[in-house]
Each structure stands twice: as C-alpha cells, then as structure tokens.
Amino acid sequence: MPLDPRKIAVAIAGFCAFLNLYSPQALLPALAREFGAGAAEISTIMTASTLAIALTAPFTGAIADVLGRKRVITAAMFAVVLPMVGAALAQDVAALIAWRFLQGLLLPPIFAVAVAYIGDEWPPAEVAGVAGIYIAGSSIGGFCGRFLPGMLGDLIGWRGAFLALAGLSVLGAIVLTLLLPREKGFVRSQGLGASGRQMLRHLRNPQLVATYAIGFGVLFNFIAVFTYVSFHLAAPPYNFSSTLLGALFITYLGGTVVAPWTGRLIARFGRRNFMLGAIGVWIAGALLLLAPQVAVIFAGLVVCATCGMLCQTVSTGYVTLIAKEGRSSAVGLYVTCFYVGGSFGAFLPGLAWDAGGWPACVALVVAMCAVMAVIAALAYRGATA
C-alpha cells in the first residue's frame, strides 16, 4: 500500500514545531556562561515560548478556522525560521527572550492547526492513528531539539547550532508545502466573531473540557518527571554529568514507536478503557522512579514517556472528533490547557521537592495521574471510538 504523503507532511509539521520549541534546552548552560546569567534568568527563554503558546493558541485556531488550514500551517512553518535566526544573532538575554516569545507565537499555527487538519481530512476511525503519526513526529522533534543543538554546540558553538536548526526548519517547510494538499473537508468559519462564539461553545462541552483537563495533566507530569529527575540523578550517589542527563531524553522515543498504533488499540479496547489502562501503567512507571537502581529508573522513564505520549495521542485525536465545528479553536484551547499544565508542572513539584525531595515529586505525579483517571472514567463513558 503506498504511503500517504499527507501523513509524512503532518509528521514533519510536528517534528519542526517541537524541534524549534526545545532548541535552547541543552544549550542553557552555555548560554548562561556566554551572557553571565544565572540559571533562573536564562531559563526564562524557555518560559517565554511556552507562555506565548498558552496565550495565543486558541486565537490562532480561530484565525485558521477563517483562513484555512494549509495556508496558516505553511506560512507559520516558514515564518518560524526568522526568530531562530534572530536568536542566533542575539547579543543579550533580553533579545533572546524576545525572539523566543515571537517563536512561541508562531508555533500554535503549526501544531494546533495540523491536528485540526487531521480531524478534517481523515475518516473518524483513522483520526487516532494519524494523530499518532503526528505525535511520533513531534516526539522525534522534541528529542532532536534537545540532542542536536547540544551536539552541534560543542562542534560549532550555540549560534551555529541555532542557524543549523533554522536551515533544517526551512527544509521541513519546503517539503511540507510540497506534500500537504489543500484541505477538502474544511468548513470555513463565517468570521472571527463566529469563530469566537464557537470557542465559547467548546467550553460548554463537558467532554471537551474533560479532555482539556487531561491535556493539562499530561504535560504537568512530563515536566515534573523530566525536570526533577535531573536534580535527583545529578545528586549523590548518582552524580550524573550534563551529558548523561541529556541522554535521558532518549526515553522519549518509546512513545514514538507506540503512538502510531493508538488507533488500532482504541478500536480494540475502546477509548475509555485504553485511556484508563495507559494511566494505570503510567502510575506503575512513576513508582519505578523511586527505585535506587539507575536501570530501573530508566525503565520507569521509558514507561512514563510512552504512556504520556499515548494519552496525548488519545486526547488530541478526541478533540477533533468531538468538535464538529471550529476544530482549530478547539485544538487551540487544548494546547493552551496543555501548556498551562506544563507551567504548573515546573512550579508545584518544586514546592514538593523542597518539602520532601524526589519521593514527594513522584507522589505528586501519581496524584495527578489519579485525577486524570477519574476524569476519563466519568467523561468518557460510552466513548468507544
């Protein structure tokens, strides 16, 4: 059976979006040395992008509901290159923050609208599987966004690393433009006012609101686990180096392998049962993180990353199925809740860490999983597809 070029295109969209989003993470120590900044100050270049995403995702979705999917996706794919080049030429932290904020503004038109495109262009029974391909591309992009700049930074410096990623982003934009056809199932909104009213109707849909809450929990747990496990393993008796800590993100690739199978698994077990099962395994994986052996901790990270990717695939695909109109704004609201969850996932576990160390952080992750399970059990009754 020939490979659908549209699937390659949506995977490229996810790859490029998350390649750009996470590009500074491995370079933060080098950037701190370059500009004489502390850890808290330099980390704001990451916060700037996620804040911009959370603030603008629903509104970019509303614009896409008026202008059309491919037009918005391709324009943003090319435009996101500009702030990457600007960041490479930045002369101080303030300039880096400004360029990263602009980059965050341009990312929702890629990933939020790409998910809406999937919901429009594939039959409902295939949406979860195609969303899994998109999530796989996103997870590879997230991994490469951390790994490639770190490797290139050692070879050609952080400015050269950013310029190399800008070139890779241009290549991705060109390929996507060639492979992604104009949308056929898209129903244009009657204007921004009508799109805004659709957005308000989304917030009155209990299943959509429940799915937004699950998205909040997914990134909350991702950020909590992968931020604070670094502190845990950097301390005695492990004393991990920065290189070893960066290698932990290889565990993201577990979700890359499994995510494209999500549609078949949902068809076999039902959406509610599959989601509850994934959350249950996620809890078991989180508990493995309490073991003293590094190999067991690594296995726990693989389980947590994989289950998180599966839950993300289920929830993003479900948003496009539930929202019969204004899909871009519906996905945009999901993205906002997702990144707000990530912001809380960086802050609240810090309080837990100060109070009880790594075990307290793991307990918070398990508690969030339990909340997500209750929401899924109540909201997804009868959701078999």
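Begin by selecting S169, which lies in helix α9 of this predicted model. S169 is buried, its relative accessible area being 1%. Display the residues around it: setting aside neighbours within four places in sequence, S169 is in contact with L19, N20 and V81. Two of these names, V81 and N20, will return in the stops that follow.

**Helix α6**

Select residues 81–88 next, which form helix α6. Is this helix largely enclosed by the rest of the structure, or largely open? Six of its eight residues are buried, so α6 is largely enclosed. The buried residues to colour are V81, P83, M84, G86, A87 and A88. Now show what covers them: the covering elements include α1 (5–21), α5 (69–79), α7 (93–106) and α9 (124–179). The helix that holds S169 is therefore among the elements that cover the buried part of α6.

**The loop after α1**

Move to S23, placed in the loop between α1 and α2 (28–35). S23 is buried, with a relative accessible area of 1%. Its side chain reaches the backbone oxygen of N20 at 2.9 Å; N20 is one of the residues in contact with S169. Beyond neighbours within four places in sequence, S23 is in contact with M84, R100, G145, P149, F162 and L165. Of these, M84 belongs to the buried set of α6, while R100 leads to the next stop, as one of the buried residues of α7.

**Helix α7**

Select α7, residues 93–106. At the start of this helix, a side-chain oxygen of D92 comes to within 3.3 Å of the backbone nitrogen of A94. Place a distance marker between the C-alpha atoms at the two ends of α7: they are 20 Å apart, which agrees with the 20 Å that 14 residues should span at 1.5 Å a residue. Then colour the buried residues of α7, namely V93, L96, R100, Q103, G104 and L106. Those residues cover an arc of only 155 degrees around the axis, which puts them on the same side of α7.

**The nonpolar core**

In soluble globular proteins, nonpolar side chains tend to be buried together. Which residues have the most contacts inside the largest nonpolar core here? They are F111 and Y339, in a core of 121 residues. Helix α17 (residues 327–379) gives the most to this core, contributing 18 residues. Centre the view on F111: not counting residues up to four places away in sequence, F111 touches A17, F18, I53, Y134, V335 and Y339. The two residues named for their contacts in the core thus also touch each other.

**The cysteines**

Select C369, which counts as buried at 0% relative accessibility. Why does C369 form no bond with the closest cysteine sulfur? That sulfur is in C304, 7.3 Å from the sulfur of C369, which is too far for a bond. The structure as a whole holds zero disulfides. Select C337 as well: this residue is partly exposed, with a relative accessible area of 25%.

**The whole chain**

Finally, return to a view of the complete protein chain, which has 17 helices and zero strands. Of its 385 residues, 57% are buried. Among contacts between residues at least 6 apart in sequence, 84% join residues at least 24 apart. The contact of S169 with L19, where the tour began, may be displayed again in this view.

Technical notes: Residues numbered from 1 in each chain as written. Predicted model: local features only at pLDDT ≥ 70, side-chain atom pairs only at ≥ 80, totals over all residues. Heavy atoms only, no water. Buried < 20%, exposed > 50% of the residue type's maximum accessible area, 1.4 Å probe, protein only. Helix = DSSP H or I, 4+ residues; strand = E, 2+ residues; numbered from the N terminus. Contact = heavy atoms within 4.5 Å. Core = buried A, V, L, I, M, F, W, Y, C linked by side-chain atoms within 4.5 Å. Expected span 1.5 Å × (residues − 1). Arc of directions from axis to C-beta. Polar contact = N/O pair within 3.5 Å; in protein donor to acceptor, adjacent residues only side chain to side chain. Disulfide = S-S within 2.5 Å.
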